[in-house]
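Work through the exercises below with the structure open. Try each task before reading its solution.

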Amino acid sequence: MSRIGNKPIAIPSGVQIQVSDENIVSVKGSKGELHQELPASIKINIEENNITVSREDDSKQNKAYHGLYRSLLANMVEGVSNGFTIKLELIGVGYKCQAEGQMLDLSLGHSHNIVFELPQEIKVEAITEKGKSPMIVLQSHDKQLIGQVAAKIRSYRKPEPYKGKGVKYQNEVIRRKAGKAAVKQ
């Protein structure tokens, strides 16, 4: 029994869902449109304002697919109706960011600035307030894509455990280590 796979997905108003003959699901809403191909063993049933996902048999692979594709469909419905937001903080002296269109210019303590080009589906905003760490705000309707882009930006300077400097998610907690202890003889 799949606990996640058996949960119905509520369809909010303004979201349209279509299933083609090739088992491709299209979800369209106010924020955008997403497509997902399903394996032949996974079936979708759309009733009134709910989607239910079912599987052909109880093989190990189909059990894994059942929960996976239910979660992917739920994320698609959530994305096209509300969208997703990820906030990244730049912790460190001299760390800066600027956003111009789909280009993000990062100054992270390297000998050169890093210029990162974002996909068209993602909106970026760079916030710099006096007395606070610079912040990057990413918004998109595609959860997979926004997570991948945020992880790529974070990989340019991961937070280190001694001073906590680097690029971190806003609500991320960094485990800190103690530095060298003074040696007494």
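**Exercise 1. Find which residue of S9 stands opposite Ala-99, then describe how the strands around S9 pair.**

Solution. This is a predicted model, so work from its computed geometry.

Step 1. Go to Ala-99. The residue opposite Ala-99 is Leu-104 in S9.

Step 2. Widen the view to the two strands. Strand S8 covers residues 96-100, and S8 pairs with S9 in the antiparallel sense over five bridges.

Step 3. Look at the turn. Two residues lie between S8 and S9, which form a hairpin. Gly-101 in that turn has a positive phi of about 65°.

Step 4. Move to the other pairing of S9. S9 and S10 run antiparallel and are joined by four bridges. Asp-105 has Val-115 in S10 as its bridge partner.

Step 5. Check the second hairpin. Six residues separate the strands S9 and S10 here. Gly-109 takes a positive phi near 85°.

**Exercise 2. Locate the largest nonpolar core and say which element gives the largest share of it.**

Solution.

Step 1. Start with the members. The largest nonpolar core has 22 residues. Leu-104, Leu-106, Leu-118, Ile-136, Leu-138, Val-149 and Ile-153 touch the most other members.

Step 2. Map the core onto elements. Strands S7 (84-91), S9 (103-107), S10 (114-117) and S12 (135-140) and helix H2 (143-155) each give two or more residues. H2 supplies the largest share, five residues.

Step 3. Zoom in on Ile-136. Leaving out residues up to four places away in sequence, its contacts include Ile-86, Leu-88, Leu-104, Leu-106 and Ile-153.

Step 4. Look beyond this core. Another core, of 18 residues, lies apart from it. Among its members are Leu-38, Val-53, Met-76 and Val-80.

**Exercise 3. Is Val-15 buried or exposed?**

Solution.

Step 1. Place the residue. Val-15 sits in the loop between strand S1 (9-10) and strand S2 (16-19).

Step 2. Apply the cut-off. Buried means under 20% relative accessible area. Val-15 has 12% relative accessibility, so Val-15 counts as buried.

Step 3. List the partners. Beyond neighbours within four places in sequence, Val-15 contacts Val-27, Lys-28, Val-80 and Ser-81.

**Exercise 4. Which side chain of opposite charge is nearest to Asp-142?**

Solution.

Step 1. Find Asp-142 in the loop between S12 and H2.

Step 2. Search for the charge. The nearest is Lys-143, 9.9 Å away. Asp-142 is buried yet has no salt bridge.

Step 3. Check polar atoms. A side-chain polar atom of Asp-142 lies 3.3 Å from the backbone nitrogen of Gln-144.

Key
Residues numbered from 1 in each chain as written. Predicted model: local features only at pLDDT ≥ 70, side-chain atom pairs only at ≥ 80, totals over all residues. Heavy atoms only, no water. Buried < 20%, exposed > 50% of the residue type's maximum accessible area, 1.4 Å probe, protein only. Contact = heavy atoms within 4.5 Å. Core = buried A, V, L, I, M, F, W, Y, C linked by side-chain atoms within 4.5 Å. Pairing = 2+ DSSP bridges. Lys, Arg positive; Asp, Glu negative; His and termini not counted. Salt bridge = Lys/Arg side-chain N within 4 Å of Asp/Glu carboxyl O. Polar contact = N/O pair within 3.5 Å; in protein donor to acceptor, adjacent residues only side chain to side chain.
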